[in-house]
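Here is my note on this structure, set out as numbered points for a first reading. Please keep the sequence and the model side by side while you go through them.

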Amino acid sequence: MTGPGLHVLLVEDHAPLREQIAALLQRHGHRVEEASDGRQALQMALDAPPDVLLLDIGLPGLDGVQLCRRLRARSARHVPVLMLTARDALTDKLSGFDAGTDDYLVKPFANEELLARVLALGRRGGAGQDYLLSIGSLSIDRRSREAWRRGQRLALPPTAFGILQLLAEAWPRALTRSELIRRLWDDDPPESDPLRTHLYQLRQHLDKPFDMPMLRTVHGVGFRLESDAADSAGAAG
Ligand code: CA
């Protein structure tokens, strides 16, 4: 049959169940990518955000709850998440919602139920999202993960883009160093001073080619963006 053709990322380490769900979704016209490891799946979801992420809780590498939390912190767009959980795992459900899951399904589930939930989430995800942010002459497309300043595209590495996006979403508020680290890496930052290199890269692209820096250090607080709109208005008159 011809279906709505959603792009579904299916993350389940139990191979027979994964194959069964993938076959079901494909029969109904959806495009399915499969993963069995949490870390690999997180990377896949960040690289090519699916219309729906179908996520088992118990996974090797990174469990479903951790994965969901990191995805929420780092993804440029809201990826709808349907979490799969065992019948007796009520606390899993609760921590799943805390991690930002959109819906959950208790195993074992009926095929019709799974299809209906996937469709509902896929539709919801596509509706009325605002991917563009702009502050002064800076614009950010959270879907394509691109940024421009004064019409010039900024060739930002992914983590530098992530910092810029978090600061833009918080604007005009400042974010603390620890808040940035937590939202980028959860409780597992890759090194002792993980922001340093990425902030340097961000400054190189965002500020160095222009006369007014937008990335400001707020001493004793953290970092924030400053709009260059006054600067532009001043130039205009
Ligand atoms: Ca599992």
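1. I begin with a proline in a turn of the chain: Pro108 is found in the loop between strand 5 (103-107) and helix 5 (111-126), where helices (H or I, at least four residues) and strands (E, at least two) are DSSP runs numbered from the N terminus. A cis peptide bond, with omega of about -5°, joins Lys107 to Pro108. Most peptide bonds are trans. Another cis peptide bond joins Trp171 and Pro172, with omega of about 5°, and Pro172 sits in the loop between helix 6 and strand 10 (175-176).

2. A word on the basis of these remarks: this is a predicted model, in which local features need pLDDT of at least 70 and side-chain atom pairs count only at pLDDT 80 or more, while totals for chains, interfaces and linings use all residues. Residues are numbered from 1 along each chain as its sequence is written, and side-chain values use heavy atoms, with hydrogens and water left out.

3. For the chain as a whole, there are nine helices and twelve strands. Of the 237 residues in the protein chain, 46% are buried, where buried means under 20% relative accessible area, exposed over 50%, and partly exposed in between (1.4 Å probe, protein chains only). The protein chain exposes about 11600 Å², of which carbon and sulfur atoms supply 50%; accessible areas come from the Shrake-Rupley method with a 1.4 Å probe, and for residues only the protein chains shown count as cover. Among contacts with a separation of 6 or more, 57% are between residues 24 or more positions apart, a contact being heavy atoms within 4.5 Å.

4. Which residues coordinate the calcium ion? They are Asp13 (OD), Asp56 (OD) and Gly58 (O), at 2.1 to 2.3 Å, and in sequence these donor residues are spaced D-x42-D-x1-G. The two aspartates link distant parts of the chain, since Asp13 lies in the loop between strand 1 (7-11) and helix 1 (15-27) while Asp56 lies in strand 3 (residues 52-56), 43 residues apart. Asp13 is partly exposed, with a relative accessible area of 36%, whereas Asp56 is buried at 5%. Please read the site with care, because donors are N, O and S atoms within 2.8 Å of the metal (3.2 Å for Na, K and Ca), and water is not among the atoms, so sites may look incomplete.

5. Leu54 is also found in strand 3, and at 0% relative accessibility it counts as buried. Not counting residues up to four places away in sequence, Leu54 touches ten residues named here in full: Val8, Leu9, Leu10, Val11, Ile21, Leu25, Leu82, Leu84, Leu114 and Val118. The C-alpha atoms of Leu54 and Leu10 are separated by 4.8 Å, although the two are 44 residues apart along the chain.

6. Helix 3 (residues 64-74) holds Cys68, and Arg70 lies in helix 3 as well. Is Cys68 buried or exposed? Cys68 is buried, with a relative accessible area of 0%, and its contacts, leaving out residues up to four places away in sequence, are Leu55, Val81, Met83, Ala99, Gly100 and Thr101. Arg70 counts as buried at 6% relative accessibility; with the same neighbours left out, Arg70 touches Arg39, Leu42, Leu62, Trp185, Asp186, Asp187 and Asp188.

7. Glu34, in strand 2 (residues 31-35), is partly exposed, with a relative accessible area of 35%. Leaving aside neighbours within four places in sequence, Glu34 is in contact with Leu10, Arg18, Ala22 and Met44. The C-alpha atoms of Glu34 and Val11 are separated by 6.0 Å, with the two residues 23 apart along the chain.
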